[in-house]
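Grab a viewer and work through these short exercises. Try each task before you read its solution.

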Amino acid sequence: MDWGMKNRLARIIKPEDGRTVMLAVDHGYFLGPTSGLEQPRKTIEPLIPYADSIMLTRGVLRTSVDPGANVPVVLRVSGGTSILKELSNEDITVSIDDAIRLNVSAMALSIFVGSEFEKQTLVSLAKLVDEGEKHGIPVLAVTAVGKDMARDARYLGLSCRIAAELGAHIVKTYYCDGFEEVIESCPIPVIIAGGKKTPEIEALELAFNAVRTGAVGVDMGRNIFQSDSPVGMIRAVRAIVHEKASVADAYKIYESAKGAKARKAG
Ligand code: R5P
């Protein structure tokens with residue numbers, strides 16, 4: 001692995017502890033103005049100080065993040081579908097030239113294993129890895145799940161392993177029962193998505209269990225930006241990922257930030 005690739009990976013997965021908190025705010029690429037991200041800048045700005053990196057599209061990056069913010073960028077480079085159509089029908093939507101111009105630390109692309117467009121998304125991943133390798137830019141494979149697909153260790157393990165075999169440098173998946181099996185059979189670092197908004201305590205439990213069983217961190221979106229205290233949540237998640245905090249201690253961080261916010265508003 002060349003120096004540039006290692007350097008970019010170190011901007012995402014912190015060499016101090018081998019862990020990462022990635023803030024996912026890319027949802028608009030197929031969901032449009034989804035809840036909590038109606039005005040991306042308003043949501044993103046207060047969270048940047050607590051994120052090791054942010055995952056987003058080039059449109060939101062250019063319009064809603066100051067270049068001086070100096071936060072490592074994981075650029076979503078796949079899309080071309082909306083929630084109204086077949087989601088797996090994705091292609092690469094950003095050229096490598098633009099990714100370089102935007103000085104990204106990694107490029108992210110979804111693969112839809114078992115879907116109608118499985119092959120198209122897997123070949124796109126392989127092509128993106130070829131481009132990334134040429135320029136020292138790591139690729140994050142996102143194991144997307146269709147509506148009818150099981151989120152179990154067998155299926156997620158299959159998706160993660162295929163992503164690794166095709167050359168991805170990091171893979172994002174979902175936490176599941178038997179997550180250790182997914183980790184054991186995947187030779188690249190694994191991070192977990194938060195999924196749909198759940199009560200804060202459950203999202204923290206999810207993060208805790210994921211890192212306890214081998215994930216290097218999270219790529220969390222809705223459970224942070226749809227919380228009643230997004231800053232409290234990202235700080236709580238950080239405590240779990242980077243400071244080995246218990247769920248109870250992390251929850252206290254969230255609650256106290258929420259209380260402070262309420263006092264300020266009142
Ligand atoms: C899909 O929309 C994206 O790849 C999200 O970045 C991913 O699902 C993580 O976000 P969340 O924690 O909201 O699931």
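**Exercise 1: a salt bridge**

Across the whole structure, which is a predicted model, a search turns up 14 salt bridges.

Task: work out which parts of the chain the salt bridge between Arg76 and Asp26 ties together.

Solution: Start with the pair itself: the side chains of Arg76 and Asp26 come to 2.6 Å, N to O, and the cut-off for a salt bridge is 4 Å. Next, place each partner. Arg76 belongs to strand S3 (residues 73-76), while Asp26 is in the loop between strand S1 (20-24) and helix H2 (28-31), so the bridge links parts that lie 50 residues apart in sequence.

**Exercise 2: the ligand site**

Task: find where the ligand sits and describe the residues that surround it.

Solution: Begin with the location: the ligand occupies the largest pocket. Then list the neighbours. There are 14 residues around the ligand, with Asp26, His27, Lys172, Gly221 and Arg222 the closest. Sort the shell by class and you get 5 nonpolar, 4 polar and 5 charged residues.

**Exercise 3: contacts and cover**

Task: which atoms of Lys172, Gly195 and Gly221 approach oxygen atoms of the ligand?

Solution: For Lys172, a polar side-chain atom does so, at 3.0 Å. Gly195 uses a polar backbone atom, at 2.8 Å. Gly221 brings a backbone N or O atom to 2.8 Å from a ligand oxygen. Finally, check the cover: of the 360 Å² of accessible area that the ligand has on its own, the protein covers 94%.

Methods: Residues numbered from 1 in each chain as written. Predicted model: local features only at pLDDT ≥ 70, side-chain atom pairs only at ≥ 80, totals over all residues. Heavy atoms only, no water. Near = heavy atom within 4 Å. Polar contact = N/O pair within 3.5 Å; in protein donor to acceptor, adjacent residues only side chain to side chain. Areas by Shrake-Rupley, 256 points an atom, 1.4 Å probe, with all protein chains shown as cover. 1 Å grid on protein atoms, 1.4 Å probe; cavity = no way out; pocket = protein on both sides within 12 Å on 5 of 7 lines; lining within 4 Å. Sits in = over half its atoms within 2 Å of the grid points. Nonpolar A, V, L, I, M, F, W, Y, C, P; charged D, E, K, R; others polar. Helix = DSSP H or I, 4+ residues; strand = E, 2+ residues; numbered from the N terminus.
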